[in-house]
Amino acid sequence: MKILLLEDEYSLRKSIKEMLEESGFSVEEFSNGDEAFDAIYYNSFDLLILDVNVPGMNGFELLEQAKQHNMDIPAIFVTSLTQIDSLERGYDLGCCDYIKKPFDLAELRLRVSSALKLSSFNTKQNTLKLPLGYEYDFNNFTLKHNNREVQLSKTEKMIFELFVKHKNQIVTPDMIKEYVWDSDVDPANIRVQVGNLRKKLHKDFIVNIRGLGYKLAT
């Protein structure tokens, strides 16, 4: 599980990162909202932990921008704000939890665990309709075309799962490498695997974005 942490207070950010990594999570930390949004756009995260008042784009704006780009990632706001309108804005934007500073790290760990379990439960209830007669079954992790399963290898399934998570975004070769392979991999191998996947699908389903990567048809 990969978590993005946006917090501009250095000591608190490092403490949260250390706690989460000790709990088995992979964490990317940021103190600036603009840099955090760039990371969200080009990488896959399972959860966002967002301070509100940070340099650059604030936490509310970041989640709002993510939603506008169809990036549906569960988020926990960490803030010292107490006004009821702040709470309402956070939940209106779709956050799954709110934790007020100061807080105990053990409490944050429990909230993170709860948010991830809820996200997993909700995701697995859905079948995602895709263009050109395709649909992705989250219950069985299968791709179907006109109600017939498309037979994919394990690597092809993982690559396609990444495309589904970023269905309205460009998926770069670096994103594929990080998501599918634990160790370094030859870029040519990535191209071959994506090529093999595309051969099993409609020719316009996965589009090559020259110089950047690939994207699902919209």
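**Stop 1: the largest cavity**

Select Y136, F141, T142, L143, E149, V150, L152, K157 and F160; these residues line the largest cavity. About 40 Å³ of space lies inside this cavity. Keep in mind that you are looking at a predicted model. The count of cavities of 30 Å³ or more comes to one. Which elements each supply at least two residues of the lining of the largest cavity? Colour β8 (142–145) and α6 to see them.

**Stop 2: helix α6**

Stay with α6, and show residues 154–165. This helix has 12 residues. From first C-alpha to last, α6 reaches 17 Å, close to the 16 Å expected at 1.5 Å a residue. Now show the side chains of E156, I159, F160, L162, F163 and V164, which are buried in α6. F160 also belongs to the lining of the largest cavity.

**Stop 3: L201**

From F160, step across to L201, which touches F160. L201 lies in the loop between α8 and β10. Is L201 buried or exposed? Its relative accessibility is 9%, so L201 counts as buried. Leaving out residues up to four places away in sequence, L201 touches Y134, L143, V150, F160 and I206. Draw a distance from the C-alpha of L201 to that of V150. The two are 51 residues apart along the chain, yet their C-alpha atoms are separated by 8.2 Å. V150 is also one of the residues that line the largest cavity.

**Stop 4: helix α8**

Go back from the loop into α8 and select residues 187–199. At 1.5 Å a residue, the 13 residues of α8 should span 18 Å. The end C-alpha atoms are 19 Å apart, which agrees.

Which residues of α8 are buried? Show I190, Q193, V194 and L197. They cover an arc of only 95 degrees around the axis, so they sit on the same side of α8. An α-helix has 3.6 residues a turn, so residues three or four places apart point the same way. Turn to the other side of α8, where R191 and K199 are exposed.

Next, see what the buried residues of α8 pack against. Their partners are α6 (154–165), α7 (173–180), β10 (206–209) and β11 (213–216).

Finish at the N-terminal end of α8, which D186 caps. Zoom in on a side-chain oxygen of D186; the backbone nitrogen of A188 lies 2.9 Å away.

**Stop 5: the second largest pocket**

Select M1, K2, S26, N43, S44, D46, L162, K165, M175, E178 and Y179 to outline the second largest pocket. About 210 Å³ of space lies in this pocket. α6 and α7 each supply at least two residues of its lining. Where does the largest share of the lining of this pocket come from? It comes from α7, with three residues. L162, seen among the buried residues of α6, is part of this pocket's lining as well.

**Stop 6: L116**

M1 and D46 from the pocket lining lead to L116, which touches both. L116 is found in helix α5 (residues 105–123). L116 is buried, with a relative accessible area of 9%. F25 and L47 are also among the residues that L116 touches, not counting residues up to four places away in sequence. Now draw a distance from L116 to A75. They are 41 residues apart in sequence and 9.6 Å apart in space, C-alpha to C-alpha.

**Stop 7: T79**

A75 begins the next selection: strand β4 (residues 75–79), where T79 is placed. T79 is buried, with a relative accessible area of 1%. Show what T79 touches: D51, V52, Y98, I99, K100 and K101, not counting residues up to four places away in sequence.

**Stop 8: N32**

End at N32, in the loop between β2 (26–30) and α2 (33–42). At what relative accessibility does N32 count as buried? The value is 19%, and buried means under 20%, so N32 counts as buried.

Show polar atoms on the N32 side chain. One lies 2.8 Å from the backbone nitrogen of D34. The backbone nitrogen of E35 lies 3.2 Å from a polar atom of the N32 side chain. Leaving aside neighbours within four places in sequence, N32 is in contact with L6, P55 and G56.

Technical notes
Residues numbered from 1 in each chain as written. Predicted model: local features only at pLDDT ≥ 70, side-chain atom pairs only at ≥ 80, totals over all residues. Heavy atoms only, no water. Helix = DSSP H or I, 4+ residues; strand = E, 2+ residues; numbered from the N terminus. Expected span 1.5 Å × (residues − 1). Buried < 20%, exposed > 50% of the residue type's maximum accessible area, 1.4 Å probe, protein only. Arc of directions from axis to C-beta. Contact = heavy atoms within 4.5 Å. Polar contact = N/O pair within 3.5 Å; in protein donor to acceptor, adjacent residues only side chain to side chain. 1 Å grid on protein atoms, 1.4 Å probe; cavity = no way out; pocket = protein on both sides within 12 Å on 5 of 7 lines; lining within 4 Å. Points joined across faces, edges and corners; volume = space filled by probe spheres on them.
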